[in-house]
Amino acid sequence: MKILFTLISGVLFGFGLAMSGMLNPSKVRAFLDISGEWDPSLAFVMAGGIFVTIVGYWLVFKKEKPIFSNQFSLPERKELDIRLITGSVIFGVGWGIGGLCPGPSIAILSNHFFPAIIFTVSMIVGIIVGSILFKPNKLNVN
Amino acid sequence: MSLCNENKSENMIVIDWSNFTPFTSLLGGVLIGFSAVLLMLINGRIAGVSGLLSKILVYKNISKNLWVFIFFTGLLLGPIFYSFLTGPIKSNSVVDIPWLILAGLLVGFGTFIGNGCTSGHGICGLSRFSIRSLAAVTTFVFSGMLTVYIIRFMGS
């Protein structure tokens, strides 16, 4: 059952990404392009996603624990640090150049979209380089 | 005359109405939200793709993280199902291969250092009212917009 629901969760995610337009790098680029012809669609993706998740999490966290696990695995750190901000700046630069972020770049692989293969392989290299240079923050799950 | 030019060159935001898809984007976002809630309900996990990716790449506890592969399988199946219903998914690359490689490296490195991406910080983190995620999302949206602005300015 756990496997089935995990699979459903993944399918919903991929289906939602496809429907939202986030699998199209030129649409993502158009969202970030406020000085050109701005396409605000992706703000609606965030709005829809966050609205459902706020309500859903609120309901889920009323439970003692998840259905198939002993505890909720949530990041515990609260304080801001330079590493978080630096990483986010670097991520934003890559996102702006390629118009792809991690979820879409993986989801679109099944669509035989060649640029996503190049991007995803480079992204994996980037993660590995990051993990060699910097110790993982073990408290952070997301 | 000069007034007219001034109006045009002001930093006014021009919306691209022809490509604007508020309804499918909102609905797509809603589905992503349901996915995130479901994963929390059954596994107690954050649906952050970069986090899950580094979980299997870096922490290497494969038997404990088998569910990540199952989630990724679903992530790959989702767009296939969608294309059955609506036809081919539109994907247009915006850059050549060398730039794609650079972009991928930066995204992988940046999300690892910053502990999350658009899904982990953007959807899940903001929904938990995490200060770290709010800072991260504000930063990467701003830096993404600035990057696109610079690219446009350089005319490439």
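## Ground rules

Two residues are in contact here if their C-beta atoms, placed from the backbone, lie within 7 Å. Keep in mind that this is a predicted model, where local features need pLDDT of at least 70, side-chain atom pairs count only at pLDDT 80 or more, and totals for chains, interfaces and linings use all residues. Residues are numbered from 1 along each chain as its sequence is written, with chains lettered from A and ligands numbered from 1 in the order in which they are written.

## Chain A at a glance

Chain A is built from six helices and one strand; both kinds of element are DSSP runs numbered from the N terminus, with H or I over at least four residues for a helix and E over at least two for a strand. Going along the sequence, the pattern reads α-α-β-α-α-α-α. The C-alpha trace of chain A spans about 50 × 35 × 30 Å along its principal axes.

Of the 142 residues in chain A, 54% are buried. For that label, a residue needs 20 or more other C-beta atoms within 10 Å of its own; 12 or fewer makes it exposed, anything in between is partly exposed, and the C-beta atoms are placed from the backbone. If you take the contacts in chain A between residues at least 6 apart in sequence, 47% of them join residues at least 24 apart.

## Where the chains touch

The contact between the chains takes 112 residues from chain A and 109 residues from chain B. On the chain A side, α1 (2–20), α2 (25–32), β1 (37–38), α3, α4 (82–98), α5 (102–107) and α6 (114–133) each supply at least two residues. The biggest giver is α1(A), with 18 residues. Sorted by class, this side of chain A has 64 nonpolar, 38 polar and ten charged residues. The classes go like this: Ala, Val, Leu, Ile, Met, Phe, Trp, Tyr, Cys and Pro are nonpolar, Asp, Glu, Lys and Arg are charged, and the others, Gly among them, are polar.

There's some strand pairing across the chains too. β1(A) pairs with strand β1 (residues 14–15) of chain B in the parallel sense, over two bridges; DSSP has to find at least two bridges for strands to count as paired. In that pairing, A:W38 stands opposite B:I15.

## Two helix crossings

First up is helix α3 (residues 41–60) of chain A against helix α6 (residues 118–127) of chain B: their axes come within 8 Å and cross at roughly 40°. That makes α3(A) oblique to α6(B). Axes are lines fitted to C-alpha atoms, for helices over the stretch in contact, and angles run from 0 to 180 degrees between N-to-C directions. Under 35 degrees counts as roughly parallel, over 145 as roughly antiparallel, 65 to 115 as roughly perpendicular, and the rest as oblique. On the α3(A) side, A:M46, A:G49, A:I50, A:T53, A:I54 and A:Y57 meet B:G122, B:I123, B:C124, B:L126 and B:S127 of α6(B). By class, that contact has seven nonpolar, four polar and no charged residues.

Next, α6(A) and helix α3 (residues 49–59) of chain B have axes that come within 10 Å and cross at roughly 60°, so these two are oblique to each other. Here A:I124, A:I127, A:I128 and A:S131 meet B:L53, B:S54, B:L57 and B:V58. This contact has six nonpolar, two polar and no charged residues.

## Two single residues

B:L106 sits in helix α5 (residues 97–113) of chain B. It's buried because 24 other C-beta atoms lie within 10 Å. Setting aside residues up to four places away in sequence, B:L106 touches A:I90, A:F91, A:V93, A:G94 and A:G126. The C-alpha atoms of B:L106 and B:V58 are separated by 17 Å, with their positions 48 residues apart along the chain.

Over in helix α2 of chain A is A:S26, which is partly exposed because it has 16 other C-beta atoms within 10 Å. Ignoring neighbours within four places in sequence, A:S26 is in contact with A:G99, B:N92 and B:V94.

## Unusual phi values

Most residues other than glycine have a negative phi. B:N115, in the loop between α5 and α6 of chain B, is not a glycine but has a positive phi of about 60°. B:N115 counts as buried because it has 28 C-beta neighbours inside 10 Å.

B:F129 also has a positive phi, near 55°, and is a residue other than glycine. B:F129 is in the loop between α6 and α7 (131–154) of chain B, and it counts as exposed because it has 10 C-beta neighbours inside 10 Å.
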